[in-house]
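Me: I would like a close look at the aromatic side chains in this protein. Please take one pair slowly, then move on to what else stands out.

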Amino acid sequence: MSVDPALIPDDQAFGNFRTECTCHDGWNSSYSKAGIAVWIQILEEEKSLHKIKCRMVCKDVSAETMYDVLHDIEYRRKWDSNVIETFDIAKLTVNADVGYYSWRCPKPLRNRDVITLRSWLPMGNDYIIMNYSVKHPKYPPKKDLVRAVSIQTGYLIQRDGPASCTLTYLAQVDPKGSLPKWVVNKSSQMLAPKAMKRIHKACLKYLEWKARHQPTHKPWLYPEQNELPSMHLGQLTIQHADSLENIDESSATETHEHTHSDEETH
């Protein structure tokens with residue numbers, strides 16, 4: 001089993017990510033409505049391995065606000081109704097850290113978690129935040145959660161004007177397990193658009209919220225504010241999917257239950 005050292009993405013990696021966000025060759029459109037579009041690439045059907053790309057045009061949110069919202073972990077706990085637990089573990093460089101995120105999956109699937117190396121970079125009028133899965137010696141897989149693998153996940157924020165932007169979310173995640181086909185369909189046609197709408201709604205409320213919660217504290221913009229412990233990159237290795245347990249959930253049937261995930265409480 002291969003053990004690959006973790007690497008901090010370089011400028012070329014960020015450039016390649018931006019290119020993939022803006023190119024549509026090989027992608028199949030699965031949703032387009034009210035300023036939100038979703039595309040899918042099926043990579044390995046038997047493993048439920050796919051890429052998803054979502055784009056949302058926001059005519060009333062600045063690129064800077066969007067960037068802050070996607071970074072602000074304290075605020076995320078307020079607006080992200082899927083989050084079970086999320087926290088930053090350590091800083092690696094001025095624009096890279098390692099963190100933990102666990103989230104609720106559609107019933108009856110088991111919930112997932114992930115350890116990721118996240119990096120970010122302003123590129124002209126654009127901002128990029130992206131991550132991939134790593135192994136951390138102090139955070140092995142938990143018994144009650146399925147450890148998923150982010151092969152590459154991230155956001156491209158493009159400034160369209162002083163108070164408008166376009167957000168593209170690109171994800172290639174191995175959910176670790178044989179998932180039923182309805183999960184892939186539901187994620188592209190319902191869950192992804194719903195998640196984008198939640199982000200938009202969170203952006204509209206952020207400035208008011210931030211004014212009451214450490215308004216000048218933005219360590220993603222001001223590295224000197226980052227109080228995380230430093231960690232040597234050599235302690236991390238890339239998390240490969242083949243080293244994790246496979247969970248067969250292919251026979252799980254969708255449950256139709258009323259959820260309140262759209263009604264955020266602040």
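Reply: Here is a walk through the aromatic rings, followed by one alanine. Keep in mind that the model is predicted.

Start with the count. The structure holds eight aromatic pairs. One of them joins tyrosine 67 and tyrosine 127. Their ring centres are 4.2 Å apart, and the planes meet at 25°. The pair counts as stacked because that angle is under 30 degrees.

Now place the two rings. Tyrosine 67 belongs to helix H2, residues 63-71. Tyrosine 127 belongs to strand E7, residues 126-135. The two tyrosines are 60 residues apart, so this pair links distant parts of the chain. Are these tyrosines buried or exposed? Both tyrosine 67 and tyrosine 127 are buried.

Other aromatic residues group together too. Tyr75, Tyr206 and Trp209 make up one aromatic cluster. Tryptophan 39 has a charged partner: lysine 53 lies over the face of its ring, 5.9 Å from the ring centre.

Finally, the alanine. Alanine 90 sits in strand E4, which covers residues 83-93. Its relative accessibility is 4%, so alanine 90 counts as buried. The cut-off for that label is under 20%. What does alanine 90 touch, leaving aside residues up to four places away in sequence? The contacts are Asp97, Val98, Leu228, Pro229 and Met231. Histidine 232 is 142 residues from alanine 90 along the chain. Yet the C-alpha atoms of alanine 90 and histidine 232 are separated by 9.3 Å.

Definitions and conventions. Residues are numbered from 1 along each chain as its sequence is written. This is a predicted model: local features need pLDDT of at least 70, side-chain atom pairs count only at pLDDT 80 or more; totals for chains, interfaces and linings use all residues. Side-chain values use heavy atoms; hydrogens and water are left out. Rings of Phe, Tyr and Trp (its six-membered ring) pair if their centres lie within 6.5 Å; planes under 30 degrees apart count as stacked, over 60 as edge-to-face and the rest as tilted. Helices (H or I, at least four residues) and strands (E, at least two) are DSSP runs, numbered from the N terminus. Buried means under 20% relative accessible area, exposed over 50%, partly exposed in between (1.4 Å probe, protein chains only). A charge sits over a ring if NZ of Lys or CZ of Arg is within 6 Å of the ring centre and within 35 degrees of the ring normal. Contact means heavy atoms within 4.5 Å.
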